[in-house]
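User: I'm new to this one and would like to understand the labels people put on it. Could you take me through the reasoning behind them?

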Amino acid sequence: MPKSRHLRDFIAIAHSRSLRAAATSLGLTQPAISRSLQELEEELGVPLFERHARGVVLTPAGEKFLVRAQIAS
């Protein structure tokens with residue numbers, strides 16, 4: 001079961017489409033939010049984002065999980 005901080009971090013990343021922007025909005029460091037995302041993806045067993053030089057894009061699994069995460073939070 002994902003922890004509430006993982007859901008919070010995931011939702012912030014999805015909305016900002018950037019690890020750096022999500023970290024800033026949550027008052028975290030980029031390594032901390034990257035670690036949170038990595039833990040969540042490992043727990044779920046699927047990648048939730050495609051990483052690009054200009055940010056991140058939700059994968060199909062990430063899009064489905066976003067709906068569930070928003071309901072749960």
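Analyst: Sure, let's go through ring pairs, salt bridges and one loop residue, keeping in mind that this is a predicted model.

User: Let's start with the rings. How many aromatic pairs are there?

Analyst: The count is 2 aromatic pairs. In one of them, Phe10 meets Phe49, with 5.4 Å from centre to centre and 50° between the planes.

User: What makes Phe10 and Phe49 a tilted pair?

Analyst: Ring centres have to lie within 6.5 Å to pair, and planes under 30 degrees apart would be stacked while over 60 would be edge-to-face. Phe10 and Phe49 have centres 5.4 Å apart and planes at 50°, so the pair is tilted.

User: Why do you say this pair ties parts together?

Analyst: Phe10 sits in helix 1 (residues 4–16) and Phe49 in strand 1 (residues 49–52), so the pair joins parts that are 39 residues apart in sequence.

User: And what makes the pair of Phe10 and Phe65 edge-to-face?

Analyst: Here the planes stand at 65°, and over 60 counts as edge-to-face. The ring centres are 5.1 Å apart, which fits within 6.5 Å. Phe65 belongs to helix 4 (residues 60–72) and Phe10 to helix 1, so this pair ties together parts 55 residues apart in sequence.

User: Which residues do the ring pairs link into a cluster?

Analyst: Phe10, Phe49 and Phe65.

User: How do you know whether Phe10, Phe49 and Phe65 are buried or exposed?

Analyst: Buried means under 20% relative accessible area. Phe10 comes in at 1%, Phe49 at 3% and Phe65 at 12%, so each of these residues is buried.

User: On to charges, then. Why is the contact between Arg5 and Glu39 called a salt bridge?

Analyst: In general, side chains of opposite charge can pair when their charged atoms come close. The cut-off is a side-chain nitrogen of Lys or Arg within 4 Å of a carboxyl oxygen of Asp or Glu. For Arg5 and Glu39 the N to O distance is 3.1 Å, so the label holds. It is one of 3 salt bridges in the structure. Because Arg5 is in helix 1 and Glu39 in helix 3 (residues 30–44), the pair ties together parts 34 residues apart in sequence.

User: What makes Arg5 and Glu39 partly exposed?

Analyst: Partly exposed covers what falls between buried, under 20%, and exposed, over 50%. Arg5 has 34% relative accessibility and Glu39 has 30%, so both are partly exposed.

User: How do you know that Asp9 and Arg8 form a salt bridge?

Analyst: Their closest N and O atoms are 2.8 Å apart, within the 4 Å limit, so Asp9 and Arg8 qualify. Asp9 is buried at 3% relative accessibility, whereas Arg8 is partly exposed at 40%.

User: What about Arg51 and Glu41: why does that one count?

Analyst: The distance is 3.0 Å, N to O, again within 4 Å, so Arg51 and Glu41 form a salt bridge. Arg51 lies in strand 1 and Glu41 in helix 3, so this pair ties together parts 10 residues apart in sequence. Arg51 is partly exposed at 44%, while Glu41 is buried at 13%.

User: Last one: where is Ser18, and what is Ser18 in contact with?

Analyst: Ser18 is in the loop between helix 1 and helix 2 (19–26). A polar atom of the Ser18 side chain lies 3.3 Å from the backbone nitrogen of Arg20. Setting aside neighbours within four places in sequence, Ser18 is in contact with Ile13 and Val56.

Notes
Residues are numbered from 1 along each chain as its sequence is written. This is a predicted model: local features need pLDDT of at least 70, side-chain atom pairs count only at pLDDT 80 or more; totals for chains, interfaces and linings use all residues. Side-chain values use heavy atoms; hydrogens and water are left out. Rings of Phe, Tyr and Trp (its six-membered ring) pair if their centres lie within 6.5 Å; planes under 30 degrees apart count as stacked, over 60 as edge-to-face and the rest as tilted. Helices (H or I, at least four residues) and strands (E, at least two) are DSSP runs, numbered from the N terminus. Buried means under 20% relative accessible area, exposed over 50%, partly exposed in between (1.4 Å probe, protein chains only). A polar contact is a pair of N or O atoms within 3.5 Å; within protein, one must be able to donate a hydrogen and the other to accept it, and residues adjacent in sequence count only if both atoms are side-chain atoms. Contact means heavy atoms within 4.5 Å.
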